[in-house]
Amino acid sequence: MITAPSRRTLLAGALAGLSVRAAASPAQAAVAPRPNFLIILADDLGWGEIGVQGQQKIATPAIDRLAAEGVRFETAYSGAPLCAPSRCSLLTGLHAGHSTVRENPEGGPQRALVEDDLTFAELLQLSGYRTACIGKWGFGPERPGQPSHPNERGFGEFFGYITHRHAHQYYPRYLWHNAGKVALGGRAYAPGLFLRRAVDFIREPSERPFLLYFPTILPHSPSVVPGDAGPYENQPWTRPNRRHAAQVTLLDSHVERLVATLRETGKAANTIVLFMSDNGPHREKGVTPGLFDSNGPLRADKRDLYEGGIRVPLIAWSPRLRPRVETRPVAYWDVLPTLADLAGVPAPDGIDGRSFRGMFDGGDGPDHHHLVWNRPRKAQAIRRGRWKAIRFAPGIAGAGPGGRVELYDLDTDLGEREDLASERPELVGELMELLDRSIGPDPRRPYGLRMTVSGDRVTVTLVNGSAVTWRRVRLALDLPGGRKVTARQEAAELAPGEKISATFRVAGRGVVTGSASFRTDGRRHTFRRAYDHQRGLV
């Protein structure tokens, strides 16, 4: 079953040659192709650990080339200063004041994703995309068929680690491939396996556009690479630092291989690559980010709500993009509506993100009134314009029984060295009130296509969870053997928040596919969801 969140209207227009009229079927997709998406998510890569942002000791030529040929977002923010909540924000379009997962396991109970969590993969899969997640998922439990499994959240293929803790093993005893475990016996280097599978996925022939989400574990601790540290083996650094540098350069070589595969297969021209990191650099198991100036001018690193913990690399690349540097802020909760915008799919209403597609060519950006980060029981932060405030809970980071609030002017103090809270108490109070209003329950409402089966009856339900009216709605069911049954129930209009259902009687067994077609903003859309009488929803 697909249910889901969210907010935001479908923006008109398209990035020249990359975002086109939404395809209603794989056949139409061959005529009017929508863009492919390759999302490369590094693990704990600092803002300053790539050459184009000042790195001097570690070589990252492929990533630097992406930045030189694409759009580099200098003020990009992750969803959180640590793994799980940041990834949840990226996938669902919600900041950590609203999202389902707001903490890592060591910070308390880590929630799993739920059926109400609409990911960007579910949204694109509904509209006909071929989808895969290869690498670190980061949400438990390790059990197939439950709502937090990648296959249940829109990824047609999953290969990698399900849980956060399992992903600390570079030579794991096993990895998951969809619903089953693949035994490895601790003999295979996982990032290399991920790269090979990702290359094969890109190479697979298909008329359908693809979404490949590639959350590698590089360069997360421990600092493990095959063999020695390569070009850094003789550097006068500690062993963990030499191997950390090797991890970053290995990551760079994987980026190079993925982009080369896009070019070799002729898919580069119609693919948008997003390269990013989930949070700031780590200082674990002997790695010292100060050696590499991993954050450049920024303060602190992973787990901190200072800029060094949440400001991260973000590069958008395509052969059709004009090189530019964008300084306006964007955040990871903006990715879902941006992908929807580029793919021509109605974006869900109720999310915190807004599309930054316009910024690819210097146009309008998300124009957020404010940005919010939340670490329950520890700290929260808010940025509005030039001003950023951080509130520490009692006993955290030296805060007293009443907690502590710090205030910084990022226009004049990017390194957050001069706390102005005592000089601007009225502004602090205003920002704290806005912060409190921004943290609360999930604001989303259902979105998408549902299928339920009872005996010989199949019910197909379409829920308009967007902010725009869907018109000329029609429900249908594709039966085994290519037969189609069209519902008698049709709707001239389906307003935001409304739903329509049709029940079909099906004789026999096999795979049936429910579909819903509708129009928005002059575009025709078709959502599909399949049910196998042996395996359930697929």
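## A tour from R303 to the aromatic cluster

Start by selecting R303: with a relative accessible area of 34%, this residue is partly exposed. The model on screen is a predicted one. R303 sits in the loop that runs between α7 (289-292) and α8 (307-310). Check its backbone next: R303 is not a glycine, yet its phi is positive, near 80 degrees. Most residues other than glycine have a negative phi, and most peptide bonds are trans.

Stay in the loop between α7 and α8 and select N295, which belongs to it as well. Is N295 buried or exposed? It counts as buried, at 8% relative accessibility. Display its side chain: a polar atom there lies 2.3 Å from the backbone oxygen of A300. Beyond residues up to four places away in sequence, N295 touches G46, W47, G48, P281, A300, D301 and G308.

Now go to D44, in the loop between β1 (36-42) and α2 (61-69). D44 is another residue other than glycine with a positive phi, here about 70 degrees. Its relative accessible area is 0%, so D44 is buried.

For two unusual peptide bonds, move to the loop between β8 (210-215) and α6 (239-264), where P219 is placed. The bond from L218 to P219 is cis, with omega near 0 degrees. P222 lies in the loop between β8 and α6 too, and the peptide bond joining S221 to P222 is also cis, with omega about 0 degrees.

Select helix α3, residues 83-92, next. How many of its residues are buried? The count is 10 of the 10, so the helix is largely enclosed by the rest of the structure. The buried residues include C83, R87 and T92. To see what covers them, show β1, α4 (120-126), β4 (130-136), β8, β9 (271-277) and α9, which are among the covering elements. Just after α3 comes G93, with a positive phi near 80 degrees.

Then turn to the nonpolar cores. In soluble globular proteins, nonpolar side chains tend to be buried together. The largest nonpolar core here has 74 residues, and F73, F120 and L462 are those with the most contacts inside it. Helix α9, residues 335-343, gives the most to this core, contributing six residues. Centre the view on F73 and show its surroundings: leaving aside neighbours within four places in sequence, F73 is in contact with Q53, L314, A316, E326, V330, F356, M359 and F360. There is also a second, separate core of 50 residues, which includes A42, I63, F194 and L212.

Finish with the rings. The whole structure holds 24 aromatic pairs. For one of them, select W137 and F139: their ring centres are 5.3 Å apart and their planes stand at 80 degrees, so the pair is edge-to-face. Both W137 and F139 are buried. Add F120, F155 and Y213 to the selection, since ring pairs link these residues with W137 and F139 into a cluster.

Two charges over rings make the last stops. R130 lies over the face of F201, at 4.1 Å from the ring centre. At Y174, the charged end of K181 sits over the ring, 4.4 Å from its centre.

Conventions
Residues numbered from 1 in each chain as written. Heavy atoms only, no water. Core = buried A, V, L, I, M, F, W, Y, C linked by side-chain atoms within 4.5 Å. Buried < 20%, exposed > 50% of the residue type's maximum accessible area, 1.4 Å probe, protein only. Helix = DSSP H or I, 4+ residues; strand = E, 2+ residues; numbered from the N terminus. Contact = heavy atoms within 4.5 Å. Polar contact = N/O pair within 3.5 Å; in protein donor to acceptor, adjacent residues only side chain to side chain. Phe/Tyr/Trp six-rings, centres within 6.5 Å; stacked < 30°, edge-to-face > 60°. Lys NZ or Arg CZ within 6 Å of the ring centre and 35° of its normal.
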